Amino acid sequence: MSGAEAALARFRKYYENADFDIPLIEQREFGIGNRKKIDSRHLSFASAADLRSYLVSNTPLFVSYSTAYYRYPDATPMQKKSWEGADLVFDLDIHAEGKYGAYALLEQVKGDARRLMDLLKDDFGISGKDIFINFSGNRGYHVHVRDKSYQEAGSDERKEIVDYVMGVGLDYRTFFERDGLKPDVKITHGPRPEEPGYRGRFARSVVFAPEKERKAIHRGFGKAEAWDRFVAGIRAGNWNCHPFKTVDELLARLAPTASTLGLGSVNTDAGVTQDLSKLIRVPDSIHGDTGLIAKRVPDLERFEPLRDAVIRSGGSLGVRFIEDVPQLVFMGESLGPFKKGEEKELPEPAALFYVLKGSAAPL
Amino acid sequence: MEDLDFAIRYPFSSAAKNALDGRGTQLNESIIYLACARIRNGLRGEAAKSSALHESDKINEIASFAAARMMLSYLRNSFITNKFAVAESKRASGYLDKEDWETVELVGRELGLSAEKGPGALLVPIPTYLKFSPRALPYKLINRELRNGRVLVSQREFVRLMEEAVRKRLERTPVLRDPPAMITDAAKKLVAELPKADLPQVRVKPGDYPPCLVKLLESVKKHQNLNHQARWYLCVYLMAAGKSDEEITGLYSNLPDFSERITKYQVEHARKKGYSVPACATVTTWGFCCADCRIGSPLYWRGKGGGKA
């Protein structure tokens, strides 16, 4: 049995009992892929049961659906589908060296997901019950917003939203108003910690800066007294209680704070959010490059992809590695490193993971 | 009695429609005459404020707007339509700037724009704001204060959103079944008197320009309005690409709010100043970047022999 056949047999078993929750499934376009992520598109299904039985009898490596809702989801060309709106989606991904570098960094993507949730709730007023997160099945997370008031937004409008979320063109210096044009004049208005949006987030990041960060702003801030005075001022909207000679010096020293801690912006793929006819992995379907489930994540903090998104099975599978593979924690156990040519009997999910990543072949 | 003066100021409103319907207003020569004048004004980038005193004059004036819309529907010429839309939207915002909040709110609702009064500012729901905000730097969402799903705007800015809403509404012309002969005859005459384009146009070969420029050029060709940054970027880039002032002015004559005098001045001014083409980072900040070319500066596109999109 080839690697792909072994994987597809496993996928088929999973799909027999897969539990999909796809609102307005009958209005979405589907795409499936084996050689590529999407080989054919313009498919549609009347219900989750129809989708399931299709996936059982024609099991693909990848299955995606449209974030858009159409009147005629299977019509071609695209213009005939009659677009009626689309979920607002964000693709949070990590890019790292090598085939396996990303998995150690998935925790970092959670940080982006958390910040995105905060932005969507606090700034965009979107209720938590309209925000759905799922693991992408490989190197990140997908966030689907199903708030009706954003569904009709066009591509330009979505670009504005994603620019906001990513902080494109954001300059923290504009948070400060000054009296006059001379460099040494005082700040008349600065952001306060309780303010909404980026202003408040920036002020909070300064107020709650860890000690190392404080010293980086000014050496004198190592002393609690000087720092407390500065922070007490900020809380009252007064940014003038600092030891710098000029305001410009202060603002310049805050730049690293703004870029590292501070603004709470999110790293996401703008193109995905803007695309009104995007096909994206179906939540709870399997990613054909990993054999991992694009699992819905109700509790981000506790979710561990390489443990919780695995298709559980009791069996094991022998593989021969066709390249070197670094050490990895999979299903709570340390695996590898493996050398090219090494043969190994592994739990089935781990074996399929290496096979699908093109690092091993079944024996 | 309904307020005819309100209907005159806002001829796209339901009050205007009711005023005409209620009187069973029929097309007549004066209405057609006023409608043609309205479209001609639009082509000059102007929109006359009302000076009608008598009720019949007022009704004719309100009806002239509807008649002009019918003519534009019949003509299906996006250049004339968009010019008309820009002029009429500016006319409306000129009036709105002087209205009290209640009136502004009333007209806003007609246009699908609502706002709540907050302390010191108006609160507009984000999706509504995004739909109607002009694509200009101060209106970019990132430069706005957001509060729990709403954008803070001043009344002046709210009126600016309404202007966009009027423009967008007027750019879409309704489908017209069996237009009356008075409308079609007048429309044909009007088109015949238009000067043929005599300004040199910039020719674009595919692959000549980076995707962001191509997108802007396409907008210009479709007679869509561009904001200041977009015009400036286009102008500076075309200069760097060796285009003449006349060619650039000719291109800008496609814009619905084109004024030859102002454009010439701006183009000459830009030439004198010798501005350099902004880097990709700046173009992205302005919101024009639409492809991931990874070239650093739009200028490097040309060295790539078409490059990758």
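These are my notebook entries on domains, the chain contact, helix packing and backbone geometry in a predicted model.

**Entry 1. Domains of chain A**

I began with how chain A is divided. The assignment gives domain 1 as 3-167 + 268-308, domain 2 as 172-262 and domain 3 as 316-362. I then looked up the separation of domain 2 and domain 3 of chain A, and their centres, taken over C-alpha atoms, are 51 Å apart.

**Entry 2. Domains of chain B**

For chain B the assignment lists domain 1 (4-76 + 176-192), domain 2 (96-167) and domain 3 (211-304). Between the centres of domain 2 and domain 3 of chain B, again over C-alpha atoms, I noted 28 Å. Five residues from domain 2 of chain B and five residues from domain 3 of chain B make up the contact of the two. On the domain 2 side of this contact in chain B, I noted three nonpolar residues, two charged and no polar.

**Entry 3. Where chain A touches chain B**

How many residues does each chain give to the contact of chain A with chain B? Chain A gives 19 residues and chain B gives 17 residues. On the chain A side, the elements with two or more residues in the contact are α3 (106-123), α4 (148-151) and α5 (155-166). I noted that α5(A) supplies six residues, the largest share of that side. By class, the chain A side has eight nonpolar, five polar and six charged residues.

**Entry 4. α1 and α2 of chain A**

Next I went to helix packing, and I recorded each pair in the usual form: packed helices are described by the angle between their axes and the distance between the axes.

In chain A I took helix α1 (residues 3-16) and helix α2 (residues 48-57), whose axes come within 8 Å and cross at roughly 160 degrees. Because the cut-off for roughly antiparallel is over 145 degrees, I entered α1(A) as roughly antiparallel to α2(A). The crossing of this pair is left-handed. From α1(A) the contact uses R12(A), Y15(A) and E16(A), and from α2(A) it uses R52(A), L55(A) and V56(A). The residues of this contact are three nonpolar and three charged, with no polar.

**Entry 5. α2 and α4 of chain B**

In chain B I looked at helix α2 (residues 14-23) against helix α4 (residues 55-75), where the axes come within 10 Å and cross at roughly 110 degrees. Therefore α2(B) is roughly perpendicular to α4(B). I noted a left-handed crossing here as well. Which residues of α2(B) and α4(B) meet? On α2(B) they are A16(B), A19(B), L20(B) and R23(B), and on α4(B) they are I59(B), I62(B), A63(B) and A66(B). The contact of α2(B) with α4(B) has seven nonpolar residues, one charged and no polar.

I checked the spacing of such residues against a general point: an α-helix has 3.6 residues a turn, so residues three or four places apart point the same way.

I also looked up the span of α4(B). This helix has 21 residues and reaches 30 Å from its first C-alpha to its last, close to the 30 Å expected at 1.5 Å a residue. After α4(B) comes R76(B), with a positive phi near 50 degrees.

**Entry 6. α6 and α8 of chain B**

The next pair in chain B was helix α6 (residues 101-110) and helix α8 (residues 155-171), which pack at an angle of about 25 degrees with axes 11 Å apart. The angle means that α6(B) is roughly parallel to α8(B). The crossing is left-handed. W101(B), V104(B), V107(B) and G108(B) of α6(B) meet Q155(B), F158(B), V159(B) and M162(B) of α8(B). By class I entered six nonpolar and two polar residues for this contact, with no charged residues.

**Entry 7. Backbone geometry in chain A**

Last I looked for backbone exceptions, given that most residues other than glycine have a negative phi and most peptide bonds are trans.

Where is P77(A) placed? P77(A) lies in the loop between β4 (68-70) and β5 (83-86) of chain A. The peptide bond that joins T76(A) and P77(A) is cis, with omega about -10 degrees. A cis peptide bond also joins G336(A) and P337(A), with omega about 5 degrees. I placed P337(A) in the loop between β16 (333-335) and β17 (343-347) of chain A.

H42(A), a residue other than glycine, has a positive phi near 65 degrees. I found H42(A) in strand β2 (residues 40-43) of chain A.

Methods:
Residues numbered from 1 in each chain as written. Chains lettered and ligands numbered in written order. Predicted model: local features only at pLDDT ≥ 70, side-chain atom pairs only at ≥ 80, totals over all residues. Axes fitted to C-alpha atoms, helices over the stretch in contact; angles between N-to-C directions. Helix = DSSP H or I, 4+ residues; strand = E, 2+ residues; numbered from the N terminus. Parallel < 35°, antiparallel > 145°, perpendicular 65-115°, else oblique. Left-handed = near helix turned anticlockwise from the far one by under 90°. Contact = placed C-beta atoms within 7 Å. Nonpolar A, V, L, I, M, F, W, Y, C, P; charged D, E, K, R; others polar. Domains from an automatic or database assignment. Expected span 1.5 Å × (residues − 1).
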